[in-house]
Number of protein chains: 2
Amino acid sequence: MALMHPMSAHPNRPVYLKLRDQIAAAIIDGVYPEGAMLPSVRALAAEQGANPLTVAKAYQQFQNDGLVEVQRGVGMYVVRGAAERLRAAEREVFLREEWPEIRSRMARLGLDPADLVIIS
Amino acid sequence: MALMHPMSAHPNRPVYLKLRDQIAAAIIDGVYPEGAMLPSVRALAAEQGANPLTVAKAYQQFQNDGLVEVQRGVGMYVVRGAAERLRAAEREVFLREEWPEIRSRMARLGLDPADLVIIS
DNA sequence: ATGGCTGTATTATGGCACTGATGCACCCCA
DNA sequence: TGGGGTGCATCAGTGCCATAATACAGCCAT
């Protein structure tokens with residue numbers, strides 16, 4: 001039988017959002033440490049097979065949030081405390097918006113988080 | 001600070017997908033018991049403030065999966081065993097595709113499912 | 001100072017998903 | 001045999017996304 005939730009998240013999630021999530025994860029994980037320079041829009045675009053403008057759109061949100069600092073003509077740098085602020089913000093959103101839905105969904109499916117902790 | 005995941009889960013989730021999830025939940029929960037007729041596309045559209053076609057698109061997937069039976073000119077009916085098949089299928093997808101991502105995401109955020117079981 | 005790297009602004013274009021309005025085919029019941 | 005209820009097909013419109021081609025402004029090492 002065909003699956004029912006081919007995409008509970010989003011199948012056709014916009015590229016610039018995927019990039020944003022990926023970069024955010026990299027910052028939190030320390031792949032791009034504080035003070036380090038992010039890959040240039042052109043470099044990351046080439047690496048990811050995307051358009052430089054699309055990468056710029058992903059970067060845009062980070063400077064809006066003050067997580068990266070732009071030095072025109074030089075590059076974009078991860079500000080101090082960015083990783084922690086990012087993680088705190090994500091955690092906040094996760095607990096408030098995502099986790100309740102996940103819980104009720106699991107309940108409906110007859111699953112219990114306690115049981116799944118062991119598995120993975 | 002602006003949040004990071006304005007739509008990590010579903011901000012702009014298409015209406016027809018929201019409806020599909022909602023209907024699937026209703027079937028699993030027995031709101032629409034086996035053998036019962038689903039609300040007509042027009043009725044549900046009016047109730048949800050959506051377009052009849054959008055509702056039809058949501059229903060479409062259920063007939064593709066053989067979970068509902070169509071009687072032209074009459075209505076759509078929930079087939080026998082639909083709830084259980086639906087729940088099994090959803091559970092399969094959840095465990096295989098969603099849960100791993102949730103786990104790694106929680107790990108990145110410094111969260112542990114075991115701790116959150118108590119909260120909610 | 002010049003070439004090469006940064007990010008950024010502008011404009012245009014194609015594609016695709018979502019939504020909407022209308023009309024048709026079908027079935028049941030009075 | 002009508003009338004009102006089904007689902008369904010077609011066509012059109014709208015908006016977002018992604019791409020593209022340029023061009024500009026700033027910085028730096030050679």
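A polar contact here is a pair of N or O atoms within 3.5 Å. In this predicted model, one such pair puts a backbone N or O atom of A:Val41 at 3.1 Å from a phosphate oxygen of DNA strand C. That makes a handy starting point for looking at how the protein chains sit against the DNA.

Let's stay with strand C for a moment. Right beside A:Val41 in the numbering, A:Ser40 also reaches the strand, with a polar side-chain atom 3.1 Å from a phosphate oxygen. A:Gln63 does much the same kind of thing, its polar side-chain atom lying 3.2 Å from a phosphate oxygen of DNA strand C. Altogether, 24 residues surround this strand, and those that come nearest are A:Arg42, A:Gly73, B:Pro14, B:Val15 and B:Asn51. Both chains therefore take part, since α2 (41-48), α3 and β2 (75-78) of chain A and α1 (15-28) and α3 of chain B each supply at least two residues of the surface, counting helices and strands as DSSP runs. The top contributor is α3(B), with 3 residues. Sorted by class, this surface holds 11 nonpolar, 8 polar and 5 charged residues. On the DNA side, sugar or phosphate makes up 66% of the strand C atoms within 4 Å of the protein, and bases make up the rest.

Now for strand D. Here 22 residues lie around the DNA, with A:Pro14, A:Val15, A:Tyr16, A:Thr54 and B:Arg42 coming nearest. Sugar and phosphate account for 62% of the strand D atoms that come within 4 Å of the protein. B:Ser40 has a polar side-chain atom 2.9 Å from a phosphate oxygen of DNA strand D, and B:Gln63 places one 3.1 Å from a phosphate oxygen of this strand. B:Arg42 goes for a base instead: a polar side-chain atom of B:Arg42 lies 2.9 Å from a base oxygen of DNA strand D. The elements giving two or more residues to this surface are α1 (15-29) and α3 (52-64) of chain A, plus α2 (41-48), α3 (52-64) and β2 (75-78) of chain B. The largest share, 3 residues, comes from α3(A). By class, the surface near strand D splits into 10 nonpolar, 7 polar and 5 charged residues.

One of those elements, β2(B), also belongs to a hairpin. Strand β1 of chain B (residues 68-71) runs antiparallel to β2(B), and 4 bridges join the two. Within this pairing, B:Glu69 stands opposite B:Tyr77. The hairpin has 3 residues between its strands, and B:Gly73 takes a positive phi near 80°.

Away from the DNA, what about the inside? Nonpolar side chains tend to be buried together in soluble globular proteins. The largest nonpolar core in this model has 58 residues, of which A:Ile23, A:Phe94, B:Ile23, B:Ile27 and B:Phe94 touch the most other members. Helix α4 (residues 82-109) of chain B gives this core its largest share, 8 residues. Leaving aside residues up to four places away in sequence, B:Phe94 touches B:Trp99, B:Pro100 and B:Ile102 in its own chain, and A:Ile102, A:Arg105, A:Met106, A:Leu109, A:Leu111 and A:Leu116 in the other.

Finally, a quick overview of chain A. Chain A has 5 helices and 2 strands, arranged along the sequence as α-α-α-β-β-α-α. Of its 120 residues, 38% count as buried. Among contacts in chain A with a separation of 6 or more, 50% link residues 24 or more positions apart.

Key: Residues are numbered from 1 along each chain as its sequence is written. Chains are lettered from A and ligands numbered from 1 in the order in which they are written. This is a predicted model: local features need pLDDT of at least 70, side-chain atom pairs count only at pLDDT 80 or more; totals for chains, interfaces and linings use all residues. Side-chain values use heavy atoms; hydrogens and water are left out. A residue is near a molecule or strand if one of its heavy atoms lies within 4 Å of it. A polar contact is a pair of N or O atoms within 3.5 Å; within protein, one must be able to donate a hydrogen and the other to accept it, and residues adjacent in sequence count only if both atoms are side-chain atoms. Ala, Val, Leu, Ile, Met, Phe, Trp, Tyr, Cys and Pro count as nonpolar, Asp, Glu, Lys and Arg as charged, and the others, Gly among them, as polar. Two strands pair if DSSP finds at least two bridges between them. A nonpolar core is a set of buried Ala, Val, Leu, Ile, Met, Phe, Trp, Tyr and Cys residues joined through side-chain atoms within 4.5 Å. Buried means under 20% relative accessible area, exposed over 50%, partly exposed in between (1.4 Å probe, protein chains only). Contact means heavy atoms within 4.5 Å.
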